Amino acid sequence: MTTPVYQNYINGHFLKNQSGETFAVKNPATDDVIYYVEVADAFIQNAAIQSAKQGFAAWSTMSPIERSRILLKAVALLRERNDLLAKIEVLDTGKPWQEAECVDVQTGADVIEYFAGLAPAQVGQQQMVGEDFYYTRKEPLGICAGIGAWNYPLQIACWKSGPALAAGNALIFKPSEETPLGAIKLAEIFTEAGVPAGVFNVVQGAAEVGQWLTQSADIEKVSFTGEVGTGKKVVASAAGSLKDVTMELGGKSPLLVFDDADISQAVSAAMLGNFYTQGEICTNCTRIYVHKNVYQQFIDELKTRTEENIIAGDPLDPNVNFGALISKKHQQLVMSYIEKGISEGATLLTGGKALSPASAPNGYFVAPTVFIDCTDDMTIVKEEIFGPVMSVLTFDDEDDVIHRANDTHLGLAAGVFTKDIKRAHRVIHQLQAGICWINSYGNSPAEMPVGGYKQSGIGRENGIETLDHYTQTKSIYVGMTNIESPF
Ligand code: NAD
């Protein structure tokens, strides 16, 4: 069987590049090349802009309710093809089928559905100014760019295209070069649902293609999901043409477990927030601060459940709940952090090694790892690892733990476990993070705006406010009286 080669998706169909350049995509669980993808060369880049211009002209003049109907058809197709799309995500990312089957496609479809519903309800203002008045229109921005990370490829493509398209923009989306297929399937679905050609284009490649998007003067906004360091480059590059930016970046989020908390629930949150998607989630609570009075109970249960309940193996096996990391390189990076944790004096409670499960012996697995005896200055406590590595720390004073939790340049997420309702709100209000949970961790419904404080991001995704970020306000003053002129 020949290995498939996917082209860029431009103007409602696949378009062959001229350079002939391709890149390979591997299944992280097997180390096998599963398909090739053509790089978006200058010919494709030019075609993408022309296509988006035409798409924008057609789409932006449709009424919001017409756009909404079409987007809802795409939502139905996404849900109909859940299993097919979920399988693509498993093969591209290495995450377990168990997760992809009920999370990745559904949370993507939910967001498109949410914005499809919201768009027709977006209204301008009108106000009298004496006998004159003004009114405002919410107009789309034009051509927007989306640049995605590899951990939730289809979901990220949906979270960016949902509000962008609902508001009447055209989008050029570049998925991560590690996971390029989901976005292509989304493009096919949009076309099938009736989204006009050119409204959603997919360009493929790595940093150079991303850089082109951030530099292009034809693009009005870039919405980026990825690392803090890359985000800074994107903002700097976008400044050249004063693009609007949304930045969804990394985190090193704290979870505070007080001594009145339901400890089993707190352990569930800590495990979900470190081991779900084998630890490759931006909001993960990788710094767990546990009150000294419940520390022993917490780590005893954590160790038992981590060692007994986590099943690593072939991600397509529905019994497996822990998959492979995205690449060999990333596996090595995560292992280097683990080695640093050991050399800086942290104690391994469990894990700490690469795995080679019998059902997926060549996959890039790292065992679910918990470090105890951690201190705030250790590298594993300060830097985002983006793998299944949890650091547990202790505290006994509320103000002190808040100060320690906030002592970072990142501010994506935070969580608190306590049964004291006043403390829960008092503490969470003081934590410097954009996405917070009380007695819960990780849920991110379409209705809830998400994004980072400090260097974890700029702007928000999801929630009502995001639609505003994909529109610009035009104010129109209407003279009802004669102009008074001194000239
Ligand atoms: P990355 O920054 O390496 O890459 C992200 C995307 O940027 C890729 O598509 C890549 O090709 C592109 N890119 C690389 N260099 C570029 C450049 N100079 N200009 C423009 N584009 C460029 O990130 P990653 O490794 O794919 O993803 C992991 C990171 O993403 C983690 O830090 C994680 O926390 C973050 N993340 C954040 C969120 C969020 O919503 N806050 C969600 C998922 C992932």
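**Exercise 1. Which residues of helix α15 (residues 421-430) are buried?**

Before we start, note that this is a predicted model, in which local features need pLDDT of at least 70, side-chain atom pairs count only at pLDDT 80 or more, and totals for chains, interfaces and linings use all residues. Residues are numbered from 1 along each chain as its sequence is written, and side-chain values use heavy atoms, with hydrogens and water left out.

*Solution.*
- Step 1. Find the helix: helices (H or I, at least four residues) and strands (E, at least two) are DSSP runs, numbered from the N terminus.
- Step 2. Apply the cut-offs: buried is under 20% relative accessible area, exposed is over 50%, and partly exposed is in between (1.4 Å probe, protein chains only).
- Step 3. Arg-423, Ala-424, Val-427 and Ile-428 turn out to be buried in α15.
- Step 4. Looking down the axis of α15, the buried residues fall within an arc of 115°, so they line one face of the helix. The arc is taken from the directions from the helix axis to the C-beta atoms.
- Step 5. An α-helix has 3.6 residues a turn, so residues three or four places apart point the same way.

**Exercise 2. Find what surrounds α15, and look at its start.**

*Solution.*
- Step 1. Ile-421, Lys-422 and His-429 are exposed on the other side of α15.
- Step 2. The cover over the buried residues includes β13 (254-257), α14 (398-406), β21 (413-417) and β22, where contact means heavy atoms within 4.5 Å.
- Step 3. At the start of α15, Asp-420 brings a side-chain oxygen to within 3.0 Å of the backbone nitrogen of Lys-422.

**Exercise 3. Describe Leu-242 and Asn-439 by their phi, place and exposure.**

*Solution.*
- Step 1. Recall that most residues other than glycine have a negative phi.
- Step 2. Leu-242 has a positive phi, near 50°. Leu-242 sits in the loop between α9 (228-239) and β12 (244-248) and counts as exposed, at 75% relative accessibility.
- Step 3. Asn-439 also has a positive phi, of about 50°. Asn-439 belongs to the loop between β22 (435-438) and β23 (453-454) and is partly exposed, with a relative accessible area of 37%.

**Exercise 4. Which residues lie nearest the centre of the largest cavity?**

*Solution.*
- Step 1. On a 1 Å grid over the protein atoms alone, a cavity is a set of points where a 1.4 Å probe fits but cannot get out; lining residues have an atom within 4 Å of a point.
- Step 2. Of the 17 lining residues, Pro-254, Arg-287, Ala-405, Leu-410 and Gln-432 lie nearest the centre.
- Step 3. α14, β20 (410-411) and β21 each give two or more residues to this lining.

Note on methods: Polar contact = N/O pair within 3.5 Å; in protein donor to acceptor, adjacent residues only side chain to side chain. 1 Å grid on protein atoms, 1.4 Å probe; cavity = no way out; pocket = protein on both sides within 12 Å on 5 of 7 lines; lining within 4 Å.
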